[in-house]
Amino acid sequence: MKRSFPDSAANRSRGAALISALLTVALATLLATQLITAQSDAMQNMSGRRDLAQARWLARSAADWARAILAADARNSRIDHLGESWAIKVPPLPIRSGQSQDILEGEVSGEISELDGRFNLNRLAPAGKADREQIEIFVRLLMLLGSPENEAERLALALADWIDSDALTADGAAELSVYGVPFDNQSLLGVGTLVRVPGFNPVLLARLQPYVSALPRRVPLNLNTAPAEVLAAELPDLGLAVAQRVVAERVRTAFRDLADFNARFEGAAANAACGVSSQYFIVITRASYGESVVMLRTLLHRTAGSGWPDILWQQIL
């Protein structure tokens, strides 16, 4: 019997159709995979933004909690000391799911530090003019913290030049020619600015951090919170050894007023530049939610009878 075979052209046509169909399926699969991947990325991005928003909300809520604590403290006491409730660091508190208390969604913690017990660096050049008396206080503080006298003098003068309103050094030379960099010639907005001032490196900044502040106005030094080194720098007749006794003494009983301080430490001679209460506080809150972690720094100003402290600035890190 004679057999017949398909025409080769027909075979080629059917083969091309099959290949075309396979390519179409592969392309559709690829497009579907890309779409699913894009949707997954979008969901992850959306989830990440949600977590970040929640973490920021928690951090700000904790800062408002700190404001409420300070407002209540002002109503109940006219002095501020480190034994009060606002000075207690709040450890991480768990944030659990509203549907199931077994699911941990995040954490929030915080701490309040007062700033009136620290040396305000902006006092070096109040109203834009260098103040020699304040420069000498800062020199003493630097020396008590380990800087040699000549280095302490150089650092204090450089910072005073950085803050004062003119472009000249104390000797009348151009700041740019002496220091090699243009100066701000305005008050510091934060202690972190120090790293831009010639001579102030991160190591020195870390050493100074617990003892200095950068406040917009001068306030009395809080004798109930100032470190011994700041007390000895501000009150040179006191001496570091006696200043350390002051710190130990106030743990047992905080100073009620200047008369109480001077009575307990004869010769201390605390004056109107000193006090026993605080107006400025820095609040550091940390919050985590999901995959996001936020730290918020808030500078607060509290005045008598003003209710909640005012927020001067907030910085998210």
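The largest pocket of this predicted model encloses about 670 Å³ of space, a pocket being an open set of points on a 1 Å grid over the protein atoms alone, with protein on both sides within 12 Å along at least five of seven lines; the volume is the space filled by probe spheres set on the points, which are joined across faces, edges and corners. Its lining, made up of residues with an atom within 4 Å of a point, comprises 30 residues, and Ser-113, Glu-114, Leu-115, Arg-118 and Ile-282 lie nearest the centre. The elements that contribute two or more residues to this lining are strands S2 (104-114), S4 (212-213), S7 (280-289), S8 (292-301) and S9 (310-316), and S2 gives the most, with 4 residues; strands (E, at least two residues) and helices (H or I, at least four) are DSSP runs numbered from the N terminus. By class, the lining of the largest pocket divides into 17 nonpolar, 8 polar and 5 charged residues, where Ala, Val, Leu, Ile, Met, Phe, Trp, Tyr, Cys and Pro count as nonpolar, Asp, Glu, Lys and Arg as charged, and the others, Gly among them, as polar.

The second largest pocket has a volume of about 240 Å³. It is lined by 17 residues, of which Glu-133, Ile-137, Glu-234, Leu-235 and Asn-271 are the closest to its centre, and helix H2 (residues 132-144) supplies the largest share, 5 residues. The lining of the second largest pocket consists of 8 nonpolar, 2 polar and 7 charged residues. For enclosed space, the count comes to 1 cavity of 30 Å³ or more, a cavity being a set of points where a 1.4 Å probe fits but cannot get out. The largest cavity holds about 40 Å³, and its lining, with 3 nonpolar, 1 polar and 4 charged residues, includes Asp-116, Arg-118, Arg-123 and Arg-218.

Across the whole structure, 13 salt bridges are found, each a side-chain nitrogen of Lys or Arg within 4 Å of a carboxyl oxygen of Asp or Glu. One of them joins Glu-153 to Arg-132, with the closest N and O atoms 2.8 Å apart; because Glu-153 lies in helix H3 and Arg-132 in helix H2, the pair ties together parts that are 21 residues apart in sequence. Glu-153 is partly exposed at a relative accessible area of 24%, as is Arg-132 at 40%, on a scale where buried means under 20%, exposed over 50% and partly exposed in between (1.4 Å probe, protein chains only).

A network of salt bridges links Glu-249, Arg-252, Arg-256, Asp-260 and Arg-264. Within it, Asp-260, which is buried at 9% relative accessibility, meets Arg-256 at 3.8 Å, N to O, and Arg-264 at 2.9 Å. Asp-260 and Arg-264 both lie in helix H8 (residues 258-264), 4 residues apart, about one turn of the helix.

Asp-161, by contrast, is found in helix H3 (residues 149-163) and is buried yet has no salt bridge, the nearest side chain of opposite charge, Arg-132, being 9.5 Å away; Lys and Arg count here as positive and Asp and Glu as negative, while His and the chain ends are not counted.

Residues are numbered from 1 along each chain as its sequence is written. Local features need pLDDT of at least 70 and side-chain atom pairs 80 or more, whereas totals for chains, interfaces and linings use all residues, and side-chain values use heavy atoms, with hydrogens and water left out.
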